[in-house]
Amino acid sequence: MAITRTVTGVNDGSNPFGDESQGSLINNNNPSTIQRRGEDSLTEKGKSGYSHTGAFADKPISNNFVWQAGAGINYTQSDVNDEIYKVLSLSRSVHDAVDNPYWGTPQPSGKKGVGLFQGANLPEGVNSLVDYDFNFNDVYGADGSTGFEGSTGRIDLSDCVYGDQLRVRFDFNIIPQIANTTVEPALWYSNRNDDNDITFTFPLTTQPIFYGGGTVGNTYLNRVEISAWITSNEDVNALTLPAIKSDNPVIIQPLGLLITILR
């Protein structure tokens, strides 16, 4: 039986982004150079690492890419009826606008296209954990039924090695529209073979969140963790983006992704 986190009452919404400085990663492996994916890389994979991005495509340009009270992405009654996981896209232009270091020490590299940390803190041998330029329809067309149709961007696992673990902290606000609503956050995930053919599509879910009495119209910050193993060529070549399913209409305000590779 799934464990459900229950939310009631009012969230004041203070410090919605949290303190990104808290927490650390400890690595006991010796650094090594990753020459290629596969068997040779299993023995000496190098260090763990992470990246962060806030580049969700639907953030409002009119308000400096900050969600205004009550605004967001609508999960509609039609979405409820169809029981869909609404996939949340990423955007190069939003990345350029919002993923900018706010610190001076250590000196940021100035490298674009690799997230907030500009390439610092990435796992060894990984150039980026986000592809902001991927356009699903350009590759597969708009007439499929994978759930990715119309989406842009992706979490990029192409530089990962077999045995890595993907862990994503997905930060988002939910504004319930009806009491007694259950929201299911997930990574929407498609395995692909070496020819980029999609072989299997499914949600990687975490514990559902229940919004009970007194929650309608309030804004609730959620920071959920979702993990996946990377153990085959189809995992390294997978397509994945965050997604949300709900049993009632809600408003979604996606905030950020902390993408970690553990070794």
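Start by selecting L257: leaving aside neighbours within four places in sequence, L257 is in contact with S51, H52, T53, F56, L90, I155, V168, R169, F170 and P242. Contact here means heavy atoms within 4.5 Å.

**Before you go further**

You're looking at a predicted model, where local features need pLDDT of at least 70 and side-chain atom pairs count only at pLDDT 80 or more, while totals for chains, interfaces and linings use all residues. Residues are numbered from 1 along each chain as its sequence is written, and side-chain values use heavy atoms, with hydrogens and water left out.

Colour the chain by pLDDT, the predictor's confidence in each residue, from 0 to 100. The chain's mean pLDDT is 88, with 83% of its residues at 70 or more. Residues 11–39 have a pLDDT below 50, and beyond near neighbours in sequence this stretch has 42 contacts in the model.

**The core around L257**

Back to L257. Select L157, L166, F170, I174, I252 and I259 along with L257: of the 55 residues in the largest nonpolar core, these touch the most other members. A nonpolar core is a set of buried Ala, Val, Leu, Ile, Met, Phe, Trp, Tyr and Cys residues joined through side-chain atoms within 4.5 Å. Buried means under 20% relative accessible area, exposed means over 50%, and partly exposed is in between (1.4 Å probe, protein chains only). Now show strand β13 (residues 250–262), which gives this core its largest share, six residues. Strands (E, at least two residues) and helices (H or I, at least four) are DSSP runs, numbered from the N terminus.

**Strand β12**

Next, select residues 239–246, strand β12. Eight of its eight residues are buried, so β12 is largely enclosed by the rest of the structure. Look at both faces: L239, L241, A243 and K245 are buried on one side, and T240, P242, I244 and S246 are buried on the other.

Which strands does β12 pair with here? β8 is one of them, antiparallel to β12 over eight bridges, and β4 is another, also antiparallel, with two bridges. Two strands count as paired if DSSP finds at least two bridges between them. To find the registers, click E184, whose bridge partner in β12 is K245, then V87, which stands opposite A243 in β12.

**N180 and what it meets**

Go to N180, in the loop between β7 (165–176) and β8. N180 counts as partly exposed, at 46% relative accessibility. Add G212: N180 and G212 are 32 residues apart in sequence, yet 4.3 Å apart in space, C-alpha to C-alpha. Leaving aside neighbours within four places in sequence, the contacts of N180 are F210, Y211, G212, G213, D247 and N248.

**Aromatic rings**

A search of the whole structure turns up 11 aromatic pairs. Rings of Phe, Tyr and Trp (its six-membered ring) pair if their centres lie within 6.5 Å; planes under 30 degrees apart count as stacked, over 60 as edge-to-face, and the rest as tilted. Try W103 and F117, a tilted pair at 6.0 Å centre to centre, with 40° between the planes. Both sit in the loop between α3 (92–98) and β5 (130–135), 14 residues apart. W103 is partly exposed, with a relative accessible area of 25%, whereas F117 is buried at 15%.

Then pick Y211 and Y220, another tilted pair: 5.6 Å centre to centre and 45° between the planes. Y211 is buried at 0% relative accessibility, and Y220 is buried with a relative accessible area of 4%.

Add Y50 and Y102 to W103 and F117, and you have one aromatic cluster. For a charge over a ring, select R154, which lies over the face of F134, 5.4 Å from the ring centre. That label requires NZ of Lys or CZ of Arg within 6 Å of the ring centre and within 35 degrees of the ring normal.

**Backbone oddities**

Most residues other than glycine have a negative phi, and most peptide bonds are trans. Where are the exceptions to look at?

- The peptide bond from T105 to P106 is cis, with omega near 0°; P106 is in the loop between α3 and β5.
- E83 has a positive phi of about 55°. This residue lies in the loop between α2 (77–82) and β4 (86–87), and E83 is exposed, with a relative accessible area of 55%.
- N196 has a positive phi near 70°. Its place is the loop between β8 (181–192) and β9 (198–205), and N196 is partly exposed at 34%.
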